[in-house]
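Dear colleague,

I am passing on to you the structure shown below. An account of what was found in it follows.

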Amino acid sequence: MAVRTPDPDPDDQPSDDADFSAVGAAGFGGVPGGGANPAWLTDIELAEIRRRMPMLYVEAVPVRTDGTGAVTQVGILLRATPIGEITRTIVSGRVRYGETVRDALFRHLENDLGPMAFPLLPPSPVPFTVAEYFPIPGVSPYHDDRQHAVSLAFVVPVTGTCEPRQDALEVTWMTPEEASSETLASEMEGGRSTLVRTALASVGALR
């Protein structure tokens, strides 16, 4: 199965007839205090870069917690891939040039779960693991047929209402036991079932 690691917001890319002379201080994918992002890549440039160097991603396992902070539910996304397959996955996307990890994480959570999800990012974002995706299966538990990607993975509590957007069709809230089951693992892309189990183990939610 061709695995697709979700990319940044397609709606943020400039149109073919965009007037770049009118781009403001932040630009398209702009850098704070600077002009248009000099690292914005066309599809052809991105494909070339992916063949030559690792790409940096952030991933998030959305959870709901009780009053003591214990994880009670895990949010798993149902997503349509560009080739028409339906898979289960988690929040994921690239870090932009000039963007902090915190900002990238918040942006992808809002993009996938909607603006009313209200994620609670920790004061000091520290990933529970670093996942390495390789185009060659078997090098690590994680696989992405397009690229070598290095992903910082986080467990993020959300307190609001989730309304998935873009290519995320819905979010299904599961118990930790359901989220770590073999049934779900068979539906998840790129080895992300391993990432979900690691996330739950990191917060003491596996029994």
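How much of the protein chain, in per cent of its 207 residues, counts as buried? In this predicted model, 42% of the residues are buried. The surface that the chain exposes comes to about 10,400 Å², and carbon and sulfur atoms account for 56% of that area.

Overall layout

The protein chain contains five helices and eight strands. Read from the N terminus, the order of the elements is α-β-β-β-β-α-β-β-β-β-α-α-α. Of the contacts between residues at least 6 apart in sequence, 67% are made by residues at least 24 apart.

Strand β1 and its partners

I would suggest beginning with strand β1, which covers residues 55-65. Is this strand mostly covered or mostly uncovered? Mostly covered: nine of the 11 residues of β1 are buried.

Strand β1 pairs with several other strands, as follows.

- Strand β7 (residues 149-157) runs parallel to β1, and nine bridges join the two. Among the facing residues, valine 61 has valine 155 of β7 as its bridge partner, and tyrosine 57 is opposite serine 151.
- Strand β4 (residues 91-94) pairs with β1 in the antiparallel sense through four bridges. Here tyrosine 57 is opposite arginine 94.
- Strand β2 (residues 71-80) is also antiparallel to β1, with three bridges between them. Valine 63 is opposite valine 74 in this pairing.

Tyrosine 57 therefore appears in two of these pairings, since it stands opposite serine 151 in β7 and opposite arginine 94 in β4. Strands β1 and β2 also form a hairpin, with five residues between them. Glycine 69, in the turn of this hairpin, has a positive phi of about 90°.

Strand β7 has a further partner. It pairs in the antiparallel sense with strand β5 (residues 129-134), and five bridges link the two. In this pairing, threonine 129 is opposite alanine 153 of β7.

Salt bridges

How many salt bridges does a search of the whole structure find? The search gives nine. Some of them are described here.

One of these joins arginine 192 to glutamate 59, with 2.6 Å between the closest N and O atoms. Arginine 192 belongs to helix α5 and glutamate 59 to strand β1, so this pair ties together parts of the chain that lie 133 residues apart in sequence. Both arginine 192 and glutamate 59 are buried.

Arginine 79 forms a salt bridge with aspartate 112, and the closest N and O atoms of this pair are 3.4 Å apart. What does this pair tie together? Arginine 79 is in strand β2 and aspartate 112 is in helix α2 (residues 101-113), so the salt bridge ties together parts that are 33 residues apart in sequence. Arginine 79 is buried, as its relative accessible area is 2%. Aspartate 112 is likewise buried, at a relative accessible area of 4%; the cut-off for this class is under 20%.

A salt bridge is also found between glutamate 182 and arginine 197, where the closest N and O atoms are 3.1 Å apart. Glutamate 182 lies in helix α4 and arginine 197 in helix α5, so the pair ties together parts that are 15 residues apart in sequence. Is glutamate 182 buried or exposed? Glutamate 182 is exposed, because its relative accessible area is 60% and the class begins at over 50%. Arginine 197 is partly exposed, with a relative accessible area of 22%.

In addition, Glu48, Arg51 and Arg52 are joined into one network by salt bridges that share partners.

A buried glutamate in a loop

Where is glutamate 189 found? This residue is in the loop that runs between α4 (182-185) and α5 (192-202). Glutamate 189 is buried, with a relative accessible area of 1%. Its side chain makes a polar contact with the side chain of threonine 89, at 3.0 Å.

In closing, I would draw your attention to two places when you open the model. The first is strand β1, with its nine buried residues out of 11 and its parallel pairing with β7. The second is helix α5, where arginine 192 forms the salt bridge with glutamate 59.

With kind regards

Note on methods
Residues numbered from 1 in each chain as written. Predicted model: local features only at pLDDT ≥ 70, side-chain atom pairs only at ≥ 80, totals over all residues. Heavy atoms only, no water. Buried < 20%, exposed > 50% of the residue type's maximum accessible area, 1.4 Å probe, protein only. Polar contact = N/O pair within 3.5 Å; in protein donor to acceptor, adjacent residues only side chain to side chain. Pairing = 2+ DSSP bridges. Salt bridge = Lys/Arg side-chain N within 4 Å of Asp/Glu carboxyl O. Contact = heavy atoms within 4.5 Å. Areas by Shrake-Rupley, 256 points an atom, 1.4 Å probe, with all protein chains shown as cover.
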